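Here are some exercises to work through with the structure open beside you. Try each task yourself before reading its solution.

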Amino acid sequence: MAAGKKSGGLKVSGVSHAYDKQMVLRDVDLEVGDGEFVTFLGPSGCGKTTLLRIIAGFIEPTKGTVEIGGQEMTGVSSHQRPVNMVFQRPTLFPHLDVFENVAFGLRVDKLPKEEINERVGWALDLVRMPGYEKRQAAELSGGQMQRVALARALVKRPSVLLLDEPLSALDLKIRLEMEAELRRVHRETGATWVYVTHDQREALALSDRIAVFERGRIDQLADPMTIYRAPATPFAAGFVGNANVIACEVKGKGKACKAALAGADAAVADPGLNGPAWLVLRPESIQVETSGKGVEATVRDVAFRGTGFSYRLEVAGLEELVKAEVAAAPEHPIELGTKVWIGWSPDAAIVLPREQ
Ligand SMILES: Nc1ncnc2c1ncn2[C@@H]1O[C@H](COP(=O)(O)OP(=O)(O)OP(=O)(O)O)[C@@H](O)[C@H]1O
Ligand SMILES: [Mg+2]
């Protein structure tokens, strides 16, 4: 299929939104480059769908502007914007079959019959639904409906495609397959994509850049590796990669720099600050030993993950259990109630400032 039209990307400036009196977006600025794949990642209710609907033109923001392809969109209705949206809950025409659902927008555009056939075939192939052309939409499973909705959006070749959790109703196996397909379709069409998910794994796998949302604001906007390795806030660290975020006190400089927590001093790479801080530790960078030194802990929970064991460890003086992911080298996990020592390499610890 030919590359899609270039859009010039999109720009969101100072967008705030309130439903009635409840503020759900606060002063959001965001630029998405032409052909870029940006993901909005954040917990339920943080405003992801609201911002997508504002970009699509279904709601006017209380404040701020949206530009698409360099053009201000205020007052431009949703169907006049060069945008297509795949909704969180698929909306198909139940009385039409799969083919007609996908073909609908092309018929409205009065495209020639052969082109409609060719493009609908391409889109259904893409979402692995060939053979379903004559099936009524109402007779599909939730995951199949989602795929048809995706095909219906792709077939229009929009220059900006907005996808609101398009894979959430699919089982893990199809989701992984669809992820690879989406990456390919994105590359092939060259369009600008904004993708919403609360699945951090999906965000890391798909995106050029991720915007981490926390209560109506963007906490951090960066490429996946930066978000994972250098989270800007304790929230971003905890949400992406399920990191342990532990209050500590940093003292000393250079090689002598230590983070004091739970009655122990842990070595950390000098973060260039002293005093109250957050120690961010990825579960997979924590070592768990049944003898030795480090921070003392007790095993409170263990789960087998196939590739390894997930532990939850109680450390005296810490409010939350420490999460550790350990490769399943020993055949058996450490038993509940066992006293262990946890440690980590100083380079694996991230230190963020903590306001008191
Ligand atoms: N039409 C509406 N009227 C009033 N409040 C709304 C409306 N739509 C959403 N909200 C509220 O606005 C906030 C943000 O909702 P939004 O749908 O943007 O969240 P989200 O990040 O997409 O969440 P999810 O991951 O659950 O889909 C929520 O508190 C929600 O209850
Ligand atoms: Mg939503």
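**Exercise 1.** Find which residues surround ligand 1 in this predicted model, and sort them by class.

*Solution.* Start by listing the neighbours: Tyr19, Val24, Gly42, Ser44, Gly45, Cys46, Gly47, Lys48, Thr49, Thr50, Gln88 and His198. Next, sort them. You should end up with 3 nonpolar, 8 polar and 1 charged residues. If your polar count came out lower, check your glycines, because Gly is put with the polar residues here. Last, look at who contributes: helix α1 (residues 48-56) gives the most to this shell, with 3 residues.

**Exercise 2.** Work out whether helix α1 is mostly covered or mostly open, and see what follows the helix.

*Solution.* To call a residue buried, you need 20 or more other C-beta atoms within 10 Å of its own. Go along the helix with that rule and you'll tick off Lys48, Thr49, Thr50, Leu51, Leu52, Ile54, Ile55 and Ala56. That makes 8 of 9 residues buried, so α1 is mostly covered. Three names on that list, Lys48, Thr49 and Thr50, also turn up around ligand 1. Now step past the end of the helix: you land on Gly57, which has a positive phi near 90 degrees. For the wider picture, 38% of the 356 residues in the protein chain count as buried.

**Exercise 3.** Trace the open sheet of 6 strands, and say which strands sit at its edges.

*Solution.* Walk across the sheet and write down the order: β6-β7-β8-β3-β9-β10, with mixed pairing. The edges are β6 (83-86) and β10 (217-222), since each of them pairs on one side only. Neighbouring strands are turned against each other by 15 degrees on average, ignoring direction. Now zoom in on one pair: β3 (residues 37-41) and β8 (residues 192-197) run parallel and share 5 bridges. Within that pair, Phe40 has Val196 as its bridge partner in β8. Finally, look for a helix on the sheet: α4 (residues 142-154) lies across β6 and β7 (160-164), at about 175 degrees to β6.

**Exercise 4.** Zoom out and describe how the protein chain is divided.

*Solution.* First count the pieces: the chain has 8 helices and 20 strands. Then split the chain into domain 1 (10-229) and domain 2 (242-353). Taken over C-alpha atoms, their centres are 39 Å apart. To finish, put a box around the C-alpha atoms along the principal axes, and you get roughly 75 × 45 × 35 Å.

Terms used. Residues are numbered from 1 along each chain as its sequence is written. Chains are lettered from A and ligands numbered from 1 in the order in which they are written. This is a predicted model: local features need pLDDT of at least 70, side-chain atom pairs count only at pLDDT 80 or more; totals for chains, interfaces and linings use all residues. A residue is near a molecule or strand if its C-beta atom, placed from the backbone, lies within 6 Å of it. Helices (H or I, at least four residues) and strands (E, at least two) are DSSP runs, numbered from the N terminus. Two strands pair if DSSP finds at least two bridges between them. Axes are lines fitted to C-alpha atoms, for helices over the stretch in contact, and angles run from 0 to 180 degrees between N-to-C directions. Two residues are in contact if their C-beta atoms, placed from the backbone, lie within 7 Å. Domain bounds come from an automatic or database domain assignment. A residue is buried if 20 or more other C-beta atoms lie within 10 Å of its own, exposed if 12 or fewer, and partly exposed in between; C-beta atoms are placed from the backbone.
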